[in-house]
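Reader: I should like to go through the assignments made for this structure and hear the grounds for each. Please set every value against the criterion that decides it.

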Amino acid sequence: MSHDRREAGFKRRTRVADALATLLDAAEPHGRTESAPLADADGRVVAEPIDAPAPVPSYDRAAMDGYAVRAEDTFGASDRSPAVLRAVGTEADSIAPGEAARVHTGSAVPEGADAVVMIEQVETVADEVEAFDAVAEGENVGEAGEDVADGQRLFEAGHVLRPSDLGLLKSVGLDAAPVYERSTIAVIPTGEELVQSDPGPGEVIETNGLTVSRLVERWGGEARYRDVVTDDEDALSAAIEADLDADVVVTTGGSSVGERDLLPEVIDSIGEVLVHGVALKPGHPVCLGVVDDTPIVSLPGYPVACIVNAAQFLRPLQKHVGGTTANPFPTRRATLTRKVPSEPGTRTFARVSVEGTGEGGDGDGDDSALPAATPTRASGSGILSSVALADGWVVVPEPREGLDAGEIVDVELWEASQ
């Protein structure tokens, strides 16, 4: 990086959407697959379509406790004139005309039966069953394949498996699912001032690498949390090149244009810088690049800026290389209690705390039930507590020059998302 470039700073900042599109265009899904046992498949990404190998249920089953009958044998039955049927054993495999077999919810309906009279509508006398209610064909019977049809498409490639999905897969007789391997993300904290504990004058405890590596795990990847690398071009180059077998390499710190911000030049010397400087606050000095086909995300060293950029760039990139796309963060509607300033042309992420249990207005303009979103007093990009003690952030879009007190906003609950 030239001296002139350092002095010039960021004359041009790429919009967030354009920077992300450039990064994703330079990255390919890794494509590695494996068969994961269902007990370990929660949150995994389906690698190929999954079809049901068997129907559920695999037989016609009773939907109620009662007696399995031929519906036509009950026609005309009433309280005053019950249908009288001959009772057969509970384990009967079939019934003949004029017979009834005791069944329980979920048990197989005997061959020949096409309906179930509820237990509340019958009386038994010796070996006879008196049915006081007429039933139609199929009444109180769950047909084979009612839940899942034989060969039914259950999940497409790219679907992220949930606990309920795993139960469905087990119900059709599967014990494993074809999924993509977890993406490997190398996380390299950088900075000669960083220590793991007991900082002296001029030293700072390393937090960004820990935070980012845990976010990687939460987002479904496997993190390689590396030791701190000092601000030296050769050391930084060697650290990146040592982890190019990872799907993504992430560095923290050293991404701006100061004397010790060496990573943009290092990335450019061994690969290519795609974007340096994004219209985002906090955290515009992010650097995005690629080295030997491995995408590189160089996050700013200020903790808040690091987290914001990880959520905006690393998360969608990690999902992309892992065979899926990142879902939007869940949101909660709230009323802003104070003005949030923002520079037009820059996407601003304002950390807020949310107070109140209201879920929203009544749809007629009455938003009195909305909770209150209060911007944190500490707004600097180096104030880690402004994120850790917040409930989420409010995004001010590029065209806006801030948000006014009293505005209804969507608070992104970014830490609640995988």
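Author: The model is a predicted one. Strand 20 (residues 287–291) and strand 21 (residues 294–299) are a suitable beginning, for they pair in the antiparallel sense over five bridges.

Reader: What makes strand 20 and strand 21 a pair?

Author: Two strands pair if at least two bridges are found between them. Strand 20 and strand 21 have five bridges, in the antiparallel sense. As one instance, Gly289 has Ile296 in strand 21 as its bridge partner.

Reader: To which sheet do these strands belong, and in what order do its strands run?

Author: Strands 20 and 21 are part of an open sheet of six strands, ordered 16-13-17-21-20-18, with mixed pairing.

Reader: Why are strand 16 and strand 18 said to stand at the edges?

Author: Strand 16 and strand 18 (272–276) each have a single partner strand, so one side of each is left without a neighbour in the sheet. On average, neighbouring strands of this sheet are turned by 20° against each other, direction ignored.

Reader: How do you know that Asp243 and Arg224 form a salt bridge?

Author: The criterion is a side-chain nitrogen of Lys or Arg within 4 Å of a carboxyl oxygen of Asp or Glu. For Asp243 and Arg224 the N to O distance is 2.7 Å, and the side chains therefore meet in a salt bridge. The pair links distant parts of the chain, 19 residues apart: Asp243 is in the loop between helix 5 (233–242) and strand 17 (248–252), and Arg224 is in strand 16 (residues 222–225). Asp243 and Arg224 also belong to a network of salt bridges with Arg226 and Asp245.

Reader: Why is Asp243 called buried, and what is Glu407 called?

Author: Buried means under 20% relative accessible area, and exposed means over 50%. Asp243 has 3% and therefore counts as buried. Glu407 has 22%, which lies in between, so Glu407 is partly exposed. Arg400, which meets Glu407 in a salt bridge at 2.8 Å, N to O, is partly exposed with 32%.

Reader: What makes Asp73 and Arg70 a salt bridge?

Author: The closest N and O atoms of Asp73 and Arg70 are 3.7 Å apart; the limit is 4 Å, and the pair is therefore counted as a salt bridge. The structure holds 17 salt bridges.

Reader: How many aromatic pairs are there, and why is the pair of Phe349 and Trp393 called edge-to-face?

Author: There are two aromatic pairs. The ring centres of Phe349 and Trp393 are 5.5 Å apart and the planes stand at 75°. Centres within 6.5 Å make a pair and planes over 60 degrees apart count as edge-to-face, so this pair is edge-to-face. Phe349 lies in strand 23 (residues 347–355) and Trp393 in strand 25 (residues 392–396), so the pair ties together parts 44 residues apart in sequence. Phe349 is buried at 2% relative accessibility, and Trp393 is buried at 0%.

Reader: Why is the pair of Trp393 and Trp414 called stacked?

Author: The rings of Trp393 and Trp414 have their centres 4.9 Å apart and their planes at 5°, so the pair is stacked; the bound for stacking is under 30 degrees. Phe349, Trp393 and Trp414 form one aromatic cluster.

Reader: How do you know that Arg102 lies over the face of Tyr67?

Author: Arg102 is at 5.8 Å from the ring centre of Tyr67, and the distance limit is 6 Å. The criterion also requires a position within 35 degrees of the ring normal, and Arg102 is assigned to the face of Tyr67.

Definitions and conventions. Residues numbered from 1 in each chain as written. Predicted model: local features only at pLDDT ≥ 70, side-chain atom pairs only at ≥ 80, totals over all residues. Heavy atoms only, no water. Helix = DSSP H or I, 4+ residues; strand = E, 2+ residues; numbered from the N terminus. Buried < 20%, exposed > 50% of the residue type's maximum accessible area, 1.4 Å probe, protein only. Phe/Tyr/Trp six-rings, centres within 6.5 Å; stacked < 30°, edge-to-face > 60°. Axes fitted to C-alpha atoms, helices over the stretch in contact; angles between N-to-C directions.
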